[in-house]
Amino acid sequence: ITPPTNPNIAGYTDSTQTTALVDGERGNTLTPYFVSTVNDSDLQGYYVYFGTDASADPEVSGAFQTSGTYQATVSGGDDVSYYLRAKAKDNAGNISTGTAQFEYRVDTVASPATNVGNTNQFGGTSIFWTNNDPNLSHNIIARSTSHFGFYNHVNTASGTTYVDNTPQPGETWYYVVAAVDDLGNIATYS
């Protein structure tokens, strides 16, 4: 008897299956939803493993289920890979020879900017910092008249410097920078 074929796995941001995830790419949803399909009318179900071990055997480390869907829950992190691994089982007890895999890289954290500083210059203040997130979209610059006060958004910058031309001579301003990655994750202010 021929064993069932390996499952095909599709990933989505949630159970509505409206927005697809791409195998191996980053996402920031904490509840990815997966659908396994096999073109076999004699299918009994699937052995399914979900976790961080890319070589886990679903028969050994996973659980058997009759449904082809799987709702995962992941903890946040910065570019942490999770793997949905599945094998199909038919009613005769045959198990697919290979393991299907979908890699979901969760990224819910932007790496903060470091080495934030400033220099006064004629007509303003130049703020500078080091970017640490490889997936940086832009930075948010905010300022306050008090070191521990409320910081107001001033502007955004895609590079590592920003010149604020609004301070007047004799005024004291404190600046902070927050990195924003391409998924919209905002780092803590530095």
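These exercises, each with a worked solution, deal with a predicted model.

**Exercise 1. The cores**

Task: Find which elements give two or more residues to the largest nonpolar core.

Solution:
- Step 1. Start with the core itself. The largest nonpolar core has 17 residues. Ile9, Phe34, Phe50, Val74, Leu84, Phe102 and Tyr104 have the most contacts inside it.
- Step 2. Now name the elements. β5 (43-51), β8 (78-90) and β9 (100-107) each give two or more residues to this core.
- Step 3. Look for another cluster. A second, separate core has eight residues, among them Ala113, Trp129, Tyr175 and Val177.
- Step 4. Link this to a general tendency. In soluble globular proteins, nonpolar side chains tend to be buried together.

**Exercise 2. Around Phe102**

Task: List which residues Phe102 touches, leaving out those up to four places away in sequence.

Solution:
- Step 1. Begin at the low numbers. Phe102 touches Ile9, Ala10 and Gly11, among others.
- Step 2. Move along the chain. Its contacts also include Leu21, Val22, Asp23 and Phe34.
- Step 3. Finish the list with Tyr82, Tyr83 and Leu84.
- Step 4. Compare with the core. Ile9, Phe34 and Leu84 are, like Phe102, among the residues with the most contacts inside the largest core.

**Exercise 3. Positive phi**

Task: Decide whether Gln17 is buried, partly exposed or exposed. Do the same for Asn115.

Solution:
- Step 1. Check phi for Gln17. The value is positive, about 60 degrees, although Gln17 is not a glycine.
- Step 2. Place Gln17. It lies in the loop between β1 (8-12) and β2 (20-21).
- Step 3. Classify Gln17. Its relative accessibility is 35%, so it counts as partly exposed.
- Step 4. Turn to Asn115. Its phi is also positive, near 55 degrees, and it is a residue other than glycine. Asn115 sits in strand β10 (residues 114-121).
- Step 5. Classify Asn115. Exposed means over 50%. Asn115 has 56% relative accessibility, so it counts as exposed.

**Exercise 4. Strand pairing**

Task: Name which strands are the edges of the four-stranded open sheet. Then find which residue stands opposite Leu136.

Solution:
- Step 1. Write the order. The open sheet runs β2-β1-β4-β7, with antiparallel pairing.
- Step 2. Pick the edges. β2 and β7 (69-71) each pair on one side only.
- Step 3. Inspect one pair. β1 and β2 share two bridges. Gly11 has Leu21 in β2 as its bridge partner.
- Step 4. Go to β12 (residues 136-144). It pairs antiparallel with β15 (residues 174-181) over eight bridges. Leu136 stands opposite Asp181 in β15.
- Step 5. Add β13 (residues 152-157). Five bridges join β12 to β13, again antiparallel. Ala142 has His153 in β13 as its bridge partner.

Technical notes: Residues are numbered from 1 along each chain as its sequence is written. This is a predicted model: local features need pLDDT of at least 70, side-chain atom pairs count only at pLDDT 80 or more; totals for chains, interfaces and linings use all residues. Side-chain values use heavy atoms; hydrogens and water are left out. A nonpolar core is a set of buried Ala, Val, Leu, Ile, Met, Phe, Trp, Tyr and Cys residues joined through side-chain atoms within 4.5 Å. Buried means under 20% relative accessible area, exposed over 50%, partly exposed in between (1.4 Å probe, protein chains only). Contact means heavy atoms within 4.5 Å. Two strands pair if DSSP finds at least two bridges between them.
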